[in-house]
Amino acid sequence: QVIADSTCQELAGGLLAQAAHRAGPLNLRNTATIAGCVIQSRGESELLLALLALAAQIVVSAADGQERILSLLDLLGDPQAAIGYGLVTEVRVPWPQGAIMGGLARVARTPSDGPIVAAAAVVEATGARVAVGGVTPVPTVLKLVAGQELEEALQVALAGQPVVADFRGSDEYRQAMALIIAQRALAQARGV
């Protein structure tokens with residue numbers, strides 16, 4: 001539904017629709033929910049990164065009827081603690097005040113594999129938001145103001161963070177790819 005929805009195709013140049021298409025094979029996409037993908041997803045999930053770049057929020061409903069609205073960032077460190085004993089009933093993406101464009105980039109072993117490192121970027125008049133996953137256990141979200149350098153912001157954000165490594169890529173590879181993939185996503189969002 002997200003892939004085919006005209007509003008999702010319009011938002012940020014189709015960033016959300018494109019990321020939803022990459023969320024998995026057709027059968028999985030037809031049985032999964034956005035909230036389920038967010039809660040269970042790995043840090044390199046392009047759908048999660050697109051939602052982070054779009055400053056998404058989640059609505060959690062508790063058994064007593066109380067609702068809490070959390071930023072998606074609140075959920076990342078410890079989903080169970082953030083949600084508590086509630087149920088995610090909504091994933092909200094705020095509609096932008098002005099025109100925005102989005103970009104999505106990844107590196108994977110093959111085109112059909114899940115990403116090793118991925119990034120989603122949203123550019124608006126006042127700056128950009130770039131979400132990078134697959135480097136640290138929790139995705140990194142950078143808020144760039146106009147004129148701020150991506151490389152410097154990424155180095156500061158990753159400093160002191162544990163870096164993941166596995167058979168698909170060493171920590172050095174993932175750190176090097178983080179900047180390249182983030183630059184590609186940002187360039188795509190800027191139309192360069």
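User: So two strands count as paired once DSSP finds at least two bridges between them. Going by that, which strands form the three-strand open sheet, and in what order?
Analyst: This is a predicted model, to be clear from the start. The order in that sheet is β2-β1-β3, with antiparallel pairing. β2 (67-71) and β3 (87-92) are the edge strands, and each of them pairs on one side only. From one strand to the next, the twist averages 25°.

User: How many bridges join β1 to β3?
Analyst: Five, and the two strands run antiparallel. For a landmark, look at Gln57, which stands opposite Arg92 in β3.

User: What does the side chain of Arg92 meet in a salt bridge?
Analyst: Glu90, with 3.0 Å from N to O. Arg92 is partly exposed at a relative accessible area of 29%, and Glu90 is partly exposed too, at 33%.

User: What does Ile58 touch, sequence neighbours aside?
Analyst: Not counting residues up to four places away in sequence, Ile58 touches Arg68, Ile69, Leu70, Leu72, Leu75, Val88, Glu90 and Val91. Glu90, the salt-bridge partner of Arg92, is thus also a contact of Ile58.

User: OK, on to the cores. Which residues of the largest nonpolar core touch the most other members?
Analyst: Leu15, Leu51, Leu52, Leu54, Ile58, Leu72 and Ala120, out of 34 residues in that core. At least two core residues come from each of α2 (15-21), α4 (34-40), α5 (46-53), β1 (57-61), α6 (72-76) and β5 (117-124). The biggest giver is α5, with seven residues. There's also a second, separate core of 25 residues, and its members include Ile116, Leu154, Ala185 and Leu186.

User: Why would nonpolar side chains end up together like that?
Analyst: In soluble globular proteins, nonpolar side chains tend to be buried together.

User: Switching to the other sheet. What's the strand order in the four-strand one?
Analyst: β4-β5-β6-β7, again an open sheet with antiparallel pairing. β4 (101-107) and β7 (140-145) stand at the edges with a single partner strand each, so one side of each has no neighbour in the sheet. Neighbouring strands are turned by 15° against each other on average, ignoring direction.

User: And which helix packs on the sheet?
Analyst: That's α5, which touches β4, β5, β6 and β7. The direction of α5 makes about 25° with that of β5.

User: Let's zoom in on β6. Is it largely enclosed or left open by the rest of the structure?
Analyst: Largely enclosed, because six of the seven residues of β6 are buried. The cut-off there is under 20% relative accessible area.

User: How is β6 joined to β5?
Analyst: Seven bridges join β5 to β6 (residues 127-133), running antiparallel. The two form a hairpin with two residues between them. To find your way along it, Val123 stands opposite Ala128, and Ala120 has Ala131 as its bridge partner. Ala120 is also one of those well-connected residues in the largest core.

User: And how many bridges join β6 to β7?
Analyst: Six, antiparallel once more. Val130 stands opposite Leu142 in β7. The hairpin of β6 and β7 has six residues between the strands, and Gly134 in this hairpin takes a positive phi near 95°.

User: Back to charges. How many salt bridges does the structure hold?
Analyst: Seven. One of them joins Asp113 and Arg109, with the closest N and O atoms 3.2 Å apart. Asp113 counts as partly exposed at 21% relative accessibility, while Arg109 counts as exposed at 52%.

User: Which residues are linked in a network of salt bridges?
Analyst: Glu44, Asp166, Arg168 and Arg174. Within it, the side chains of Asp166 and Arg174 meet at 2.7 Å, N to O. Asp166 is partly exposed at 36%, whereas Arg174 is buried at 2%.

User: Where is Glu44, by the way?
Analyst: In the loop between α4 and α5.

User: Is Glu44 buried or exposed?
Analyst: Buried, with a relative accessible area of 9%, and the limit for that label is under 20%. Leaving aside neighbours within four places in sequence, Glu44 contacts Leu49, Pro115, Ile116, Ala118, Gly133, Gly134 and Arg168. Two names there have come up before: Gly134 from the β6 and β7 hairpin, and Ile116 from the second core.

Methods:
Residues are numbered from 1 along each chain as its sequence is written. This is a predicted model: local features need pLDDT of at least 70, side-chain atom pairs count only at pLDDT 80 or more; totals for chains, interfaces and linings use all residues. Side-chain values use heavy atoms; hydrogens and water are left out. A salt bridge is a side-chain nitrogen of Lys or Arg within 4 Å of a carboxyl oxygen of Asp or Glu. Buried means under 20% relative accessible area, exposed over 50%, partly exposed in between (1.4 Å probe, protein chains only). A nonpolar core is a set of buried Ala, Val, Leu, Ile, Met, Phe, Trp, Tyr and Cys residues joined through side-chain atoms within 4.5 Å. Contact means heavy atoms within 4.5 Å. Axes are lines fitted to C-alpha atoms, for helices over the stretch in contact, and angles run from 0 to 180 degrees between N-to-C directions.
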